[in-house]
Amino acid sequence: MGVETKAKAAVKKPVVHPNTWVFFEGEYARYNDVRLGLMTHALHYGTAVFEGIRAYWNDKKSQLFLLEAAAHYDRMKRSANVMRMTLPYSTEELVNFTLELLRRNEFRSDVYVRPLLYTSSEEIGVRLHNLDRSFFIYAVPFGKYVEVDAGIRCMVSTWRRVPDQSLPARAKITGSYAQAALAKSEAVEGGFDEAIVLAIDGHVSEGSAENLFMLKDGAFVTPPVTDDILEGVTRQLLIKVIKDELNLDVLERSIDRTELYTCDELLLCGTGAQISPVIEVDRRPIGDGKVGEFTQELQNIYFSAVRGDTPKYKDWTIPVY
Ligand SMILES: Cc1ncc(COP(=O)(O)O)c(C=O)c1O
C-alpha cells in the first residue's frame, strides 16, 4: 500500500444508528423520529452555524471525556451573533445537554458531537431577519477524520479561503463549508489527503477544516486570526502546550506559500483532524519527509491529555459518566 492509500484506508466514515438519542428542539428524541421539512431555509441558503466537539473513550479508566465543550459553545454563540442568531441556552446548559446525550447513548468509544443552530423557517427568500431558528445536537462514534500516524500529503488548493469581507471564516457558518468542500475534493480526487487553502491575498490560511502550524528556525508559526481562519479551539490548546511543554515560541504571523516548502515541520490541527503531521506539500517533502520530532511530541502530549490521562490538563475535559 502506498502512503496515500494507507492514509485513506485509516479514515472510516461514521455511521449513525437510527435509535441514537439526539437533543432536538429542547427535548431528547430518537434520530429516526426527527423530521426536517424540505423547505427548511438553512438547507437551501446555508443559514446555520455549527460546532464539532469530540469525546474520547479511555478504556483503562472506563470513562468518556468530553473535550473543551464550553469553548466550542462559546464560539458557537459568537458565530450565531455574526449571523443575527441567538442560541437559546447558556453555555452551561449546552454542556449539560451534551453530557446527558452522551450518557443516554451509553457510548464506549470515541465520539463526535455535532450541535447545529439553523434557520428552520420553511420559506423561500434569502435573508437573516424575521426567521425562525431551531437547535439540535447529535453524536456519533467517530475515529480518525484524517490520518494522524503516517503523516499526510497536502496540496495548496486552487480555491481561496472565504474572506472576512464576504463570508467571515471566524464564524463557523454551514454555507462557507461549500468552499471547504471544493478544496477538499479537489485535493482528494487529485491524489492528496488534504487541502491547504490560501487567503485571497495569497497568504496561507488553513486546511479545509483544520488550523495550521509550521516549525521554522526553532519556533512554531501559525497564521493570525486576521488571515481568514476559524479561531480553532485546538489551535489555542496547542499554542499553550508548545510554550509550556516544548519551551518553544509561537509566532502568530502571516505565512507565505513557499514557507510551507521550506519549513522544518508542518501540522494541521482541529477537533476532527486532531494533530495531523504533514509530510509533503505540492509533491515537496517537508523536512526529511517523515513525521517531525516536535509534531510527534505534541501528538503524544495531546492524545494523553484528551483521554484524561494528564492531571495537569484535567481542565480540558469533563468525565461523562
Ligand atoms: C475551517 C476550520 N478551521 C479550523 C478548524 C479547527 O477548529 P477546532 O480546533 O476548534 O476544531 C476547523 C474545525 O472545526 C475548521 O472547520
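**Exercise 1. Place Q274 in the predicted model and decide whether Q274 is buried or exposed.**

Step 1. Start with the secondary structure. Q274 sits in strand β15, residues 274–281. The model is predicted.

Step 2. Count neighbours. Q274 has 22 other C-beta atoms within 10 Å. The cut-off for buried is 20 or more. Q274 is therefore buried.

Step 3. List the contacts, leaving aside neighbours within four places in sequence. Q274 touches V148 and Y302.

Step 4. Check a residue far off in sequence. Y56 is 218 residues away along the chain, and 11 Å separate the C-alpha atoms of Q274 and Y56.

**Exercise 2. Do the same for N81: which element holds N81, and how is N81 classed?**

Step 1. Find the element. N81 belongs to helix α3.

Step 2. Count again. Within 10 Å of N81 lie 13 other C-beta atoms. Exposed needs 12 or fewer, and buried needs 20 or more. N81 is therefore partly exposed.

Step 3. Add a distance. N81 and V49 are 32 residues apart along the chain, with their C-alpha atoms separated by 9.8 Å.

**Exercise 3. Analyse helix α4: its span, its buried face and what packs there.**

Step 1. Test the length. Helix α4 covers residues 91–105, 15 residues in all. From first C-alpha to last, α4 reaches 21 Å, close to the 21 Å expected at 1.5 Å a residue.

Step 2. Pick out the buried positions. In α4 these are L94, T98, L101, L102 and N105.

Step 3. Look down the axis. The buried residues of α4 fall within an arc of 95 degrees, so they line one face of the helix.

Step 4. Turn to the other side. E92 and E93 are exposed, on the face of α4 turned away from its buried side.

Step 5. Name the packing partners. The buried residues of α4 pack against strands β1 (21–24), β4 (53–58), β5 (63–67), β6 (111–119) and β7 (133–141), and against helix α3 (69–82).

**Exercise 4. Two residues that are not glycine, E106 and D228, have positive phi. Where does each lie, and is each buried or exposed?**

Step 1. Take E106. Its phi is about 50 degrees. E106 comes just after α4, in the loop between α4 and β6.

Step 2. Class E106. There are 10 other C-beta atoms within 10 Å, so E106 is exposed.

Step 3. Take D228. Its phi is about 55 degrees. D228 lies in the loop between β12 and α6.

Step 4. Class D228. With 25 C-beta neighbours inside 10 Å, D228 counts as buried.

**Exercise 5. Describe helix α6, then what surrounds the ligand.**

Step 1. Test the span. α6 has 13 residues, which should span 18 Å at 1.5 Å a residue. Its end C-alpha atoms are 18 Å apart, so the span agrees.

Step 2. List the buried residues. In α6 they are V233, T234, R235, L237, L238 and I242.

Step 3. Find the cover. The buried residues of α6 are covered by elements including helices α3 and α8 (293–306), and strands β11 (211–216), β12 (219–222), β13 (250–252) and β14 (265–270).

Step 4. Look past the end of the helix. Just after α6, N247 takes a positive phi of about 55 degrees.

Step 5. Move to the ligand. It is surrounded by 14 residues, of which the closest are G232, V233, T234, G270 and T271.

Step 6. Ask what α6 contributes. Helix α6 (residues 233–245) gives the largest share of the shell around the ligand, 3 residues.

Step 7. Sort the shell by class. There are 7 polar, 4 nonpolar and 3 charged residues.

**Exercise 6. Divide the protein into domains and describe the contact.**

Step 1. Set the bounds. Domain 1 runs over 3–141 and domain 2 over 152–306.

Step 2. Take the centres over C-alpha atoms. They are separated by 24 Å.

Step 3. Count the contact. Domain 1 puts in 25 residues, and domain 2 puts in 16 residues.

Step 4. Trace the domain 1 side. At least two residues each come from α1 (3–10), α2 (41–45), β3 (48–50), β4, β5 and α3. Helix α3 gives the most, with 6 residues.

Step 5. Sort that side by class. The residues of domain 1 that touch domain 2 divide into 14 nonpolar, 5 polar and 6 charged.

Definitions and conventions:
Residues numbered from 1 in each chain as written. Predicted model: local features only at pLDDT ≥ 70, side-chain atom pairs only at ≥ 80, totals over all residues. Near = placed C-beta within 6 Å. Helix = DSSP H or I, 4+ residues; strand = E, 2+ residues; numbered from the N terminus. Nonpolar A, V, L, I, M, F, W, Y, C, P; charged D, E, K, R; others polar. Expected span 1.5 Å × (residues − 1). Arc of directions from axis to C-beta. Contact = placed C-beta atoms within 7 Å. Domains from an automatic or database assignment.
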